[in-house]
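User: Could you take a close look at the main nonpolar core and at the helices that pack against one another? I am in my first year, so please explain each term as you go.

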Amino acid sequence: MRQFAKPALALVDSMRAAAAADPARAIAFGGAPGSNSHQAAMQFAPEALPLPCFSFEDALAAVESGAAGCAMIPIENSQHGRVADIHFLLPSSGLSIVAEHFMRITHCLMALGPGPFEAAYSHPQALGQSHRFLGERGIVGLSHADTAGAAAFVAESGKPDIAAIAPALAADLYGLEIIEREVEDAPDNTTRFVVLAKDPLDPALLEGSRAMTTFIFEVKNIPAALYKALGCFATNGVNMTKLESYQKGASFAATQFFADIEGAPGDARVDLALEELAFQTNGVRLLGSYAQARRRG
């Protein structure tokens, strides 16, 4: 069922009502109140009105419909890699990336009582980031829609032998006891979020500042296609900081790439590199240019 657990509903309804009264100030996120995405949204824009949505798709749809001015979406984690499905959701949403935000992620094991626990519920990313911790304690990780939603689910269940892995704020919101803090396997566990809006940011506004541009492209199904595509950036002195592939359709003959480069359109080097890329590939689509939140390299 695509609905929040009962302990979260009052908070969700209150936040949604506030956002509905001033949608331009609303920032949508996937997850229950207290989730990492919620906290990232408030770090990025403390004056914004948080709009909790059950899923990432719902958060993007809220922006498309005008229910929110923008959405905060996690895209990749330093420990567990890219967030599943995001690379498919972003291009299909029709929205543009207008900012990025990095947040240190700290997880807690929380429950109604001290344990022992047979299982811990959380988002797959959080389970992956705490894999060693769970394995050492013989706790089975079970997937849930989001971290804070898992905490609300555990609170609603009334079961003493299950736990949740979620931010400490979720324990406060849903009346759970924090059993152990900092259960993530890496001390520098960090997630990169992107902010999406209906209208792209004008690259001219980024002149004089460190900028990033995110785009997707589809290579031709010929030998050395990727080599030729990457050469467009190498020969023009444009630094590519991210490149990930994924298949388009079931034929496995059309490969798309999701990429980040330093710079933005308007920079002669970037313009030339993208022009050459369009010639070397089946298509290029810009997803947005925005200010760097963290210096690469």
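Analyst: What follows begins with the core, goes on to the helix pairs, and ends with two single residues.

This is a predicted model, in which local features need pLDDT of at least 70 and side-chain atom pairs count only at pLDDT 80 or more, while totals for chains, interfaces and linings use all residues. Residues are numbered from 1 along each chain as its sequence is written, and side-chain values use heavy atoms, with hydrogens and water left out.

A nonpolar core is a set of buried Ala, Val, Leu, Ile, Met, Phe, Trp, Tyr and Cys residues joined through side-chain atoms within 4.5 Å; buried means under 20% relative accessible area, exposed over 50%, and partly exposed in between, with a 1.4 Å probe and protein chains only. The largest such core has 28 residues, and those with the most contacts inside it are Ala28, Ile73, Ile86, Leu90 and Leu196. Among the elements that each supply at least two of its residues are the strands β1 (26-30), β3 (70-77) and β11 (190-197) and the helices α3 (56-65) and α4 (86-93), where helices (H or I, at least four residues) and strands (E, at least two) are DSSP runs numbered from the N terminus. The largest share of this core, 5 residues, comes from α3. Leucine 196 touches, among others, Leu60, Val63, Ile73, Leu90 and Ile97, when residues up to four places away in sequence are not counted; contact here means heavy atoms within 4.5 Å. Apart from this core lies another, of 22 residues, including Tyr121, Ala166, Ala170 and Ala171.

Two packed helices are described by the angle between their axes and the distance between the axes. Axes are lines fitted to C-alpha atoms, for helices over the stretch in contact, and angles run from 0 to 180 degrees between N-to-C directions. Angles under 35 degrees count as roughly parallel, over 145 as roughly antiparallel, 65 to 115 as roughly perpendicular and the rest as oblique.

The axes of α3 and α4 come within 11 Å and cross at roughly 15°, and these two helices are therefore roughly parallel to each other. Their contact is made by Phe56, Glu57, Leu60 and Glu64 of α3 together with Ile86, Leu89 and Ser93 of α4. By class, this contact has 4 nonpolar, 1 polar and 2 charged residues, where Ala, Val, Leu, Ile, Met, Phe, Trp, Tyr, Cys and Pro count as nonpolar, Asp, Glu, Lys and Arg as charged, and the others, Gly among them, as polar.

Helix α9 (residues 225-234) and helix α10 (residues 268-280) pack at an angle of about 170°, with their axes 8 Å apart, and they are therefore roughly antiparallel to each other. On the α9 side the contact is made by Lys228, Ala229, Cys232 and Phe233, and on the α10 side by Ala273, Leu274, Glu276, Leu277 and Gln280. These residues divide into 6 nonpolar, 1 polar and 2 charged.

Glycine 231 also lies in helix α9, and it is partly exposed, with a relative accessible area of 24%. Its C-alpha atom is separated by 12 Å from that of alanine 278, although the two residues are 47 residues apart along the chain.

Proline 160 is found in the loop between α7 (147-157) and β9 (162-166), and this proline is exposed, with a relative accessible area of 54%. Proline 160 touches Gly115, Pro116 and Phe117, again not counting residues up to four places away in sequence.
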